[in-house]
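Visitor: I like to see labels argued for rather than just asserted. Could you walk me through the reasoning on this one?

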Amino acid sequence: MTTIALPSYDDALSRYEPVIGLETHVELGTQTKMFCGCRTEFGAEPNTQVCPVCLALPGALPVMNRAAIEATIRIGLALNCDIAPWCRMARKNYFYPDMPKNFQTSQYDEPLCVEGYVDVTVDGKEYRIGIERVHIEEDTGKTLHVGGATGRIHGATESLVDYNRAGIPLVEIVTKPVPGLGALAPDVAKAYVAELRDIIRSLGVSDVRMEQGSLRCDVNTSLNKPGEEWGTRTETKNVNSLRSVERAVRSEIIRQAGLLDEGTRIFQETRHFQETTGDTRPGRSKETATDYRYFPEPDLVPIAPDPAWVESLRASQPEKPSVKRARLREDWGISELEMQSAVNAGAVELIEETIAAGSSPAGARKWWLGELARRANEQGIELSEVGATPAQVAALQKLVDDGKLNDKLARQVLEGVVAGEGDPAAVMTARGLGVVSDTGALQAAVDEAIAANPDIAAKIRDGKVAAAGALVGAVMKTTRGQADAKTVRDLILSRLGAS
């Protein structure tokens, strides 16, 4: 295998234009599966949530889950789609060991929801992402490759199949191709998936937890030279975090540019994103619709939603995240740019929950967009996975507001919270990090600072009280930052007759 010379990202964008598209699978939070009564709890013992229908045993017939259809319509409405008055299911034929029927019950040319859009904002500019279709289908099972180092089939000693997930209702949301994004293509892709996640979460139809696979994204990327036809696309499968969506698009742009520079053809294929290296690896050649041999599902009647039912669902839709953000921005008293920073960090809900737990908006934003965002970036994880809850952040800020911690000590307490040492008050006590404001305990440190800095003390006696800051700093150093700065300043001025 020859190694190609990879250009820098900026170099690749100087010669090629990217076109992206996203196919997102949402696992619905229904209590039972799509075509049977089996439960859908995540993490159950393997093959304990199965029955003749989802195992495709001879003679078993499917029955449609009304709750799944309702959830799909709600998603379609939230994405500004038209709801089809009539549609039907289809069989998508292909072989996977974890697919009991050797076909997937899905939709093909007659989806339930079509022609929608989602608006996202990146770097102060709004981009409209067209939605081609939203359709309902069933999930496959899960294959586990064991005995190897990577969790993939290569090097594994055996493969095990868990059919618990087989038949769980999925909604697939397919965008139209999105050209004209230039260098912002990775950021727009990430912003779209984040907005989609927020929309679906607001509907209450899925927990959209990417780390558990209830939201999975396939990222399509192609390159072309300016003015030429779009290039051949690749599909990076099952990208499982917002950060990885951005990295997958960026990686494919660089990889494809390197191949095109050398005159190498891009093959239409599926690829797998590597979290550790940040690049993609080949999977298999991409099938076309013809390869799947779609035909209408003979065991299920068509879906014909009553228009009155659809309108009642439309009337009961919750507040859209974009509308909610505008309301929160006004409530919090922040600018559009500041709200966008919170959106980009995935912090809006975390800030909102922290405020609900008792923090001020400024205090909540300070921690989530400052120290906690820094930690998340350093570790390459989502902000929600950093190790602190909104309730803990609110409790930390209250300790600061009550004068029991200053910002420096609070950061040390937060370090303990993130490390799993307990809630802020417990960490503060265990580490002995509370602010010292007792004048008796501080007087000796103040006298020591005055004695060690006679020139500064003389200036203060002469009325130059601004010079007290240097002595306050000396006391803070002696007390390892635990002294209450205002109390120390008052003691210094009182001692030197300048109060």
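Guide: Gladly! Let's begin with ring pairs: rings of Phe, Tyr and Trp pair if their centres lie within 6.5 Å. Ring pairs of this kind link Tyr94, Tyr96, Tyr108, Tyr292 and Tyr294 into a cluster. Please keep in mind that this is a predicted model.

Visitor: How many aromatic pairs does that rule give?

Guide: The count comes to four aromatic pairs. One of them joins tyrosine 94 and tyrosine 96.

Visitor: What makes the pair of tyrosine 94 and tyrosine 96 edge-to-face?

Guide: Their centres are 5.2 Å apart, with 85° between the planes. Pairing asks for centres within 6.5 Å, and planes over 60 degrees apart count as edge-to-face, so both conditions are met.

Visitor: Are tyrosine 94 and tyrosine 96 buried, or partly exposed?

Guide: Buried means under 20% relative accessible area, so tyrosine 94, at 18%, counts as buried. Tyrosine 96 has 31%, which falls between 20% and 50%, so tyrosine 96 is partly exposed.

Visitor: Why is the pair of tyrosine 108 and tyrosine 294 called stacked?

Guide: Stacked needs planes under 30 degrees apart, and here the angle is 5°, with 4.1 Å centre to centre, so the label fits. Tyrosine 108 itself is partly exposed, with a relative accessible area of 35%.

Visitor: How do you know that this pair links distant parts of the chain?

Guide: Tyrosine 108 and tyrosine 294 are 186 residues apart. Tyrosine 108 is in the loop between strand S4 (103–106) and strand S5 (113–122), while tyrosine 294 is in the loop between helix H5 (289–292) and strand S14 (295–296).

Visitor: That H5–S14 loop sounds worth a second look. What stands out about arginine 293?

Guide: Arginine 293 also lies in the loop between H5 and S14, and has a positive phi of about 50° although it is not a glycine. Exposed means over 50% relative accessible area, so arginine 293, at 54%, counts as exposed. Glutamate 115, in strand S5, likewise has a positive phi, of about 55°. At 42% relative accessibility, glutamate 115 is partly exposed.

Visitor: What makes you say that a charge sits over the ring of tyrosine 117?

Guide: The charged end of arginine 128 is 3.8 Å from the centre of that ring. The distance limit is 6 Å, so this part of the test is passed, and the charge does sit over the ring. The charged end of arginine 66 sits over the ring of tryptophan 309 in a similar way, 4.3 Å from its centre.

Visitor: Now the second largest pocket: why is it said to lie between domain 1 and domain 2?

Guide: Domain 1 (9–307) and domain 2 (345–431) both give residues to its lining, so the pocket lies between them. About 1,100 Å³ of space lies in this pocket. Of the 41 residues that line it, the closest to its centre are Thr121, Arg325, Gln340, Val343 and Asn344. Elements that give two or more residues include S5, helix H3 (185–203) and helix H11 (371–379).

Visitor: How do the lining residues divide into nonpolar, polar and charged?

Guide: There are 21 nonpolar, eight polar and 12 charged residues in the lining of the second largest pocket.

Visitor: And where does domain 3 come in?

Guide: Domain 3 covers 439–495. The C-alpha centres of domain 1 and domain 3 lie 63 Å apart.

Definitions and conventions:
Residues numbered from 1 in each chain as written. Predicted model: local features only at pLDDT ≥ 70, side-chain atom pairs only at ≥ 80, totals over all residues. Heavy atoms only, no water. Phe/Tyr/Trp six-rings, centres within 6.5 Å; stacked < 30°, edge-to-face > 60°. Buried < 20%, exposed > 50% of the residue type's maximum accessible area, 1.4 Å probe, protein only. Helix = DSSP H or I, 4+ residues; strand = E, 2+ residues; numbered from the N terminus. Lys NZ or Arg CZ within 6 Å of the ring centre and 35° of its normal. 1 Å grid on protein atoms, 1.4 Å probe; cavity = no way out; pocket = protein on both sides within 12 Å on 5 of 7 lines; lining within 4 Å. Points joined across faces, edges and corners; volume = space filled by probe spheres on them. Nonpolar A, V, L, I, M, F, W, Y, C, P; charged D, E, K, R; others polar. Domains from an automatic or database assignment.
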